[in-house]
Amino acid sequence: MTSSILSWIWSERFWLPENVTWADLEHPPPGVEYPRLGQILYSIPLAFGVLFLRLLFERLVAKPCAQILHIQADVSRPPQSNAVLEKVYGSRTSPDEKQLAGLSKQLDWDVRKIQRWFRLRRNQDKPSLLKKFSESMWRFTFYLGIFIYAIRYLWVSPWMWNTKECWYNYPFQPVSPGQYNYYLAELAFYWSLMLTQFTDVKRKDFNIMLVHHFATISLITFSYANNMLRIGTLVMCVHDAADIFLEAAKLANYAKCQKLCDTLFIVFSLVFFITRLVIYPFWVVHSVLIESWEIVGPYQSWWLLNGLLLVLQVLHVIWFYLIARIAIKALFKGKVAKDDRSDIESSSEDEADTNCRSTKDPKDSSSNGCSRT
């Protein structure tokens, strides 16, 4: 039973081009090694190592840097202890008018007092500026390091300059140590992001990011098992480029260097547009759709690969729409405005309260933020 299920999952007709079998890949010529799925599974335990490394980094590097920049953990005033309101808060953090009226009668409290209680309670759950800074610094360091590694490796690779090289003699292409290390690091990192998605700073694009992480992990695993490492390294490199500037802009924002934040965010917007709306679709996806069709020919898993790549492209378009709105505000208003995909979900009341404070004190830029993309 088990063997029949595994044979169905790893069907050669689905995964491999015509006239190619798994046996062909299991017996490479002497001195040559083809990728095997079991090798990339090391990324799962390695993801926990990445999480441990992140904890050390945030404590030993990010926190001291935050202290130098005078970024401290926010201490919010706790609301008055109330079991009834706490129970309601557990199911709904922002009660509607009908619920507020009912709670007002039940507790003999003024509606505004109840609203204030919920606002204070929500503030307790918001991540501190120190937590945001530490998270962004970790991601900035990883994206910068892995991008430099990828460029050094890809710069001498023929398929970076001629994408048809990704498909010549496919799938009989040997895996190099550089490719394997790059894949293992990226996959372990994205597994760690998937694990911390529910504990990191909560954002309004939570569901989109969940789809993004799932599609990314699926693409990386799929391309390794299918020996599409050459095109896979190009996909990962293109995606890492823009994230460096985004995290740098967020760091500048948390350090209250508004002009630097605005500049970095505009640079990020340009890099995002060039890499994900120009290079990615017209260079990478074009190679998978057109060049691989001409050189290798389509097969069943070929359609799955292109489907996943197009899912990412749809997400790129959605993100760029949101990014462009913020970048335009930065250009014409002189500062990066609060993002629709802000760092944490907030009620309309909180947003109105923030806007009110910003109007009273134009120098206060703490409500402005560069969101994760």
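**Close-up views of an all-numbered helix set****Figure 1. The residue that follows helix H14 is Gly-297, with a positive phi.** In this predicted model, the phi of Gly-297 lies near 95 degrees. Helix H14 itself spans residues 258–295 and contains a kink of about 55 degrees. The kink is located at Tyr-280, and the proline Pro-281 comes shortly after that residue.

**Figure 2. Leu-310 of helix H15 is shown together with Val-285.** Helix H15 covers residues 300–333 and includes Leu-310. The C-alpha atoms of Leu-310 and Val-285 are 8.1 Å apart, although 25 residues separate the two along the chain. Leu-310 has a relative accessibility of 42% and is therefore classed as partly exposed, a class that lies between the limits of 20% and 50%.

**Figure 3. Helices H6 and H7 pack against each other.** Helix H6 comprises residues 83–91, and helix H7 comprises residues 97–107. The angle between them is about 160 degrees, and their axes are 11 Å apart. Because angles over 145 degrees count as roughly antiparallel, H6 and H7 are assigned to that class. The crossing of the two helices is right-handed. On the H6 side, the contact is formed by Val-84, Leu-85 and Val-88; on the H7 side, it is formed by Leu-103, Gln-106 and Leu-107. Sorted by class, the residues of this contact are 5 nonpolar and 1 polar, with no charged residues.

**Figure 4. Asp-108 lies in the loop between H7 and helix H8.** Helix H8 is formed by residues 111–125. The phi of Asp-108 is near 60 degrees, a positive value in a residue that is not glycine. Most residues other than glycine have a negative phi. The relative accessibility of Asp-108 is 70%, so this residue counts as exposed.

**Figure 5. Asn-227 occupies the loop between helices H12 and H13.** The flanking helices are H12, residues 206–225, and H13, residues 229–254. Asn-227 is likewise a residue other than glycine with a positive phi, near 60 degrees. Its relative accessible area is 4%, and Asn-227 is therefore buried.

**Figure 6. A cis peptide bond joins Tyr-170 and Pro-171.** The omega of this bond is about 5 degrees. Most peptide bonds are trans. Pro-171 belongs to the loop that connects helix H10, residues 158–161, with helix H11, residues 177–196.

**Figure 7. Arg-54 of helix H5 is shown with the residues that it touches.** Helix H5 runs over residues 43–68 and contains Arg-54. With residues up to four places away in sequence left aside, Arg-54 is in contact with Glu-135, Trp-138, Thr-196 and Asp-200. The relative accessible area of Arg-54 is 8%; this charged residue is therefore buried, since the class applies under 20%.

**Figure 8. The protein chain is viewed as a whole for reference to the close-up views.** The secondary structure amounts to 16 helices and 0 strands. The protein chain has 373 residues, of which 49% count as buried. Among contacts in the protein chain with a separation of 6 or more, 81% are made between residues 24 or more positions apart.

Methods:
Residues are numbered from 1 along each chain as its sequence is written. This is a predicted model: local features need pLDDT of at least 70, side-chain atom pairs count only at pLDDT 80 or more; totals for chains, interfaces and linings use all residues. Side-chain values use heavy atoms; hydrogens and water are left out. Helices (H or I, at least four residues) and strands (E, at least two) are DSSP runs, numbered from the N terminus. Buried means under 20% relative accessible area, exposed over 50%, partly exposed in between (1.4 Å probe, protein chains only). Contact means heavy atoms within 4.5 Å. Axes are lines fitted to C-alpha atoms, for helices over the stretch in contact, and angles run from 0 to 180 degrees between N-to-C directions. Angles under 35 degrees count as roughly parallel, over 145 as roughly antiparallel, 65 to 115 as roughly perpendicular and the rest as oblique. A crossing is left-handed if the near helix is turned anticlockwise from the far one by less than a right angle, and right-handed if clockwise. The bend at a residue is the angle between axes fitted to the seven residues ending there and the seven starting there.
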